[in-house]
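Visitor: Please put the model on the screen, and we can go through it by question and answer.

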Amino acid sequence: MINIDFLTLKAFFQENIDYIINARVQKIHQPTRKDFILSLRNNSESRKLYININPNIYHISFMN
């Protein structure tokens, strides 16, 4: 996984802006204290957004 700074986070959202802008959060899972999985739905397409807020290995990505 790639560590995220502001520029990387901005690039991630700009790359996925068409999907994220009108997506609705269907479910929020929290497998651990520092992991979050958001189930997003937009135009009959579902994706899971994985967010890790651990200070040592923080990252964000879409899961398959």
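Visitor: Which label fits Glu45: buried, partly exposed or exposed?
Guide: Glu45 has a relative accessible area of 36%. Buried means under 20% relative accessible area and exposed over 50%, with partly exposed in between (1.4 Å probe, protein chains only). Glu45 is therefore partly exposed.

Visitor: Which atoms do the side-chain values leave out?
Guide: This is a predicted model, in which local features need pLDDT of at least 70 and side-chain atom pairs count only at pLDDT 80 or more, while totals for chains, interfaces and linings use all residues. Residues are numbered from 1 along each chain as its sequence is written, and side-chain values use heavy atoms, leaving out hydrogens and water.

Visitor: How far apart are the closest N and O atoms of Glu45 and Arg47?
Guide: A salt bridge needs a side-chain nitrogen of Lys or Arg within 4 Å of a carboxyl oxygen of Asp or Glu. A search of the whole structure finds one. Arg47 is partly exposed, at a relative accessible area of 26%. Its salt bridge is with Glu45, and the closest N and O atoms are separated by 3.2 Å.

Visitor: What pattern do the helices and strands follow along the sequence?
Guide: Helices (H or I, at least four residues) and strands (E, at least two) are DSSP runs, numbered from the N terminus. The chain has two helices and four strands. Read along the sequence, their pattern is α-α-β-β-β-β.

Visitor: By what angle are neighbouring strands of the sheet turned against each other on average?
Guide: The sheet is open, with four antiparallel strands in the order S1-S2-S3-S4; two strands pair if DSSP finds at least two bridges between them. S1 (24-32) and S4 (59-63) are the edge strands, each pairing on one side only. Axes are lines fitted to C-alpha atoms, for helices over the stretch in contact, and angles run from 0 to 180 degrees between N-to-C directions. With direction ignored, the average turn between neighbouring strands of this sheet is 20°.

Visitor: Which residue in S3 is the bridge partner of Ile37?
Guide: S2 covers residues 35-42 and S3 covers residues 45-52, and the two pair in the antiparallel sense over eight bridges. The partner of Ile37 in S3 is Tyr50.

Visitor: Which residue in S4 is the bridge partner of Leu49?
Guide: S3 and S4 form a hairpin, with six residues between them. Their antiparallel pairing runs over five bridges. In S4, Leu49 has as its bridge partner Phe62.

Visitor: At what angle does helix H1 run to S4?
Guide: H1 spans residues 6-15 and lies across S3 and S4. To S4, the helix runs at about 20°.

Visitor: How far apart are the C-alpha atoms of Val25 and Asn42?
Guide: Val25 lies in strand S1 and is partly exposed, with a relative accessible area of 46%. Asn42 is in strand S2 and counts as buried because its relative accessibility is 7%. The two residues are 17 residues apart along the chain, and their C-alpha atoms are separated by 9.2 Å.

Visitor: Which residues does Asn42 touch, not counting those up to four places away in sequence?
Guide: Contact means heavy atoms within 4.5 Å. Leaving aside neighbours within four places, Val25 is in contact with Leu38, Ser39 and Leu40. On the corresponding count, Asn42 touches Asp18, Tyr19, Asn22 and Ala23.

Visitor: Why is the pair of Tyr19 and Phe62 put in its class, and what is that class?
Guide: Rings of Phe, Tyr and Trp (its six-membered ring) pair if their centres lie within 6.5 Å; planes under 30 degrees apart count as stacked, over 60 as edge-to-face and the rest as tilted. The structure holds three aromatic pairs. In the pair of Tyr19 and Phe62 the ring centres are 6.1 Å apart and the planes stand at 90°, so the class is edge-to-face.

Visitor: How many residues apart are Tyr19 and Phe62?
Guide: Tyr19 is buried, with a relative accessible area of 6%, whereas Phe62 is partly exposed, at 22%. Ring pairs link both of them with Phe12 and Phe13 into a cluster. Tyr19 sits in helix H2 (residues 17-20) and Phe62 in strand S4, so the pair links distant parts of the chain, 43 residues apart.

Visitor: What share of the 64 residues counts as buried?
Guide: The C-alpha atoms fill a box of roughly 35 × 25 × 15 Å, taken along the principal axes. Of the 64 residues in the chain, the buried share is 25%.
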